[in-house]
Amino acid sequence: MEVNPVLKKVLEGLDFVNWYQTLSGNYQTEPAFTDFSTSEAQDMLIEFGFARTTYNPKTTTYILENSEVNRIAKGLSAGLEVSLEGGVVDVVMMFSTDPTHHTGATFSKLGGTKKPQFSNYKELYSLLKKIFEMYSDIRIKMIEVCVLKEAPLALAK
């Protein structure tokens, strides 16, 4: 998977791959928590500040931020989806500078390792907290690069 050069630079600056591999290695508990309540998980996501979280049963994902409507800075939108299917966490983030220039990445594909898994709600909460902290750092850096330094995603093809 080829990552947009702007996003790639941001992720390299945050040492994302090492961070994700460490995170995943620390969350390989057995057995995976497969019978969690989707509504309880959604409430947890909302508790983290994603008030508009919706669950899509067709894709078994939680849409936390929609990149089409979630403007995080002038000229930059962000989106975030989380899958908890099978007690395994995967995250998709998306960024857009306008309706025609989008970039995104799946944490597990970027990290190149097993997806982290959880065996109870306490582990899920701890795992999500770490993931959302990294996502926040990525958003801040994307704002710096795409908005403040005016290096839009469209320039980095």
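These are my notebook entries on the fold, the core and the pockets of this chain.

**Entry 1: the model and its layout**

I began by noting that this is a predicted model. I then went through the secondary structure and found 5 helices and 6 strands in the protein chain. Reading from the N terminus, I wrote the order down as α-α-α-β-β-β-β-β-β-α-α. So much for the outline; next I looked at how the chain packs.

**Entry 2: burial, contacts and surface**

I looked up burial for the 157 residues of the protein chain, and 43% of them count as buried. For contacts I took the pairs at least 6 apart in sequence: 63% of these join residues at least 24 apart. I also checked the surface, where the protein chain exposes about 8500 Å². Carbon and sulfur atoms supply 51% of that exposed area.

**Entry 3: the nonpolar core**

Nonpolar side chains tend to be buried together in soluble globular proteins, so I went looking for a core. The largest nonpolar core here has 44 residues. Met93, Phe95 and Ile138 are the ones with the most contacts inside this core. Which helix gives the largest share of the core? I found that helix H5, residues 121-148, does, with 11 residues.

I stayed with Ile138 for a moment and listed its partners, leaving out residues up to four places away in sequence. Ile138 touches Leu7, Val10, Leu11, Leu14 and Phe16, and also Met93, Phe95 and Phe107. I was pleased to see Met93 and Phe95 come up again, as they share the top contact list of the core with Ile138.

**Entry 4: the largest pocket**

I turned to open space next. The largest pocket has a volume of about 190 Å³. I counted 11 lining residues, and Arg52, Leu64, Glu65, Asn66 and Asn70 are the closest to the pocket centre. Strand E2, residues 61-65, contributes the largest share of this lining, 3 residues. By class I noted 5 nonpolar, 4 polar and 2 charged residues in the lining of the largest pocket.

**Entry 5: the second largest pocket**

The second largest pocket came out at about 160 Å³. I listed its lining as Val3, Lys8, Leu11, Glu12, Asp15, Phe16, Val17 and Leu110. Helix H1 (5-13) and helix H2 (16-26) each supply at least two of these residues, and H1 gives the most, with 3. What classes do the lining residues fall into? I got 5 nonpolar, no polar and 3 charged.

One cross-check to end on: Leu11 and Phe16 in this lining are also on my list of residues touched by Ile138.

Terms used. Residues are numbered from 1 along each chain as its sequence is written. This is a predicted model: local features need pLDDT of at least 70, side-chain atom pairs count only at pLDDT 80 or more; totals for chains, interfaces and linings use all residues. Side-chain values use heavy atoms; hydrogens and water are left out. A nonpolar core is a set of buried Ala, Val, Leu, Ile, Met, Phe, Trp, Tyr and Cys residues joined through side-chain atoms within 4.5 Å. Buried means under 20% relative accessible area, exposed over 50%, partly exposed in between (1.4 Å probe, protein chains only). Helices (H or I, at least four residues) and strands (E, at least two) are DSSP runs, numbered from the N terminus. Contact means heavy atoms within 4.5 Å. Accessible areas come from the Shrake-Rupley method with a 1.4 Å probe; for residues, only the protein chains shown count as cover. On a 1 Å grid over the protein atoms alone, a cavity is a set of points where a 1.4 Å probe fits but cannot get out, and a pocket is an open set with protein on both sides within 12 Å along at least five of seven lines; lining residues have an atom within 4 Å of a point. Grid points are joined across faces, edges and corners, and a volume is the space filled by probe spheres set on the points. Ala, Val, Leu, Ile, Met, Phe, Trp, Tyr, Cys and Pro count as nonpolar, Asp, Glu, Lys and Arg as charged, and the others, Gly among them, as polar.
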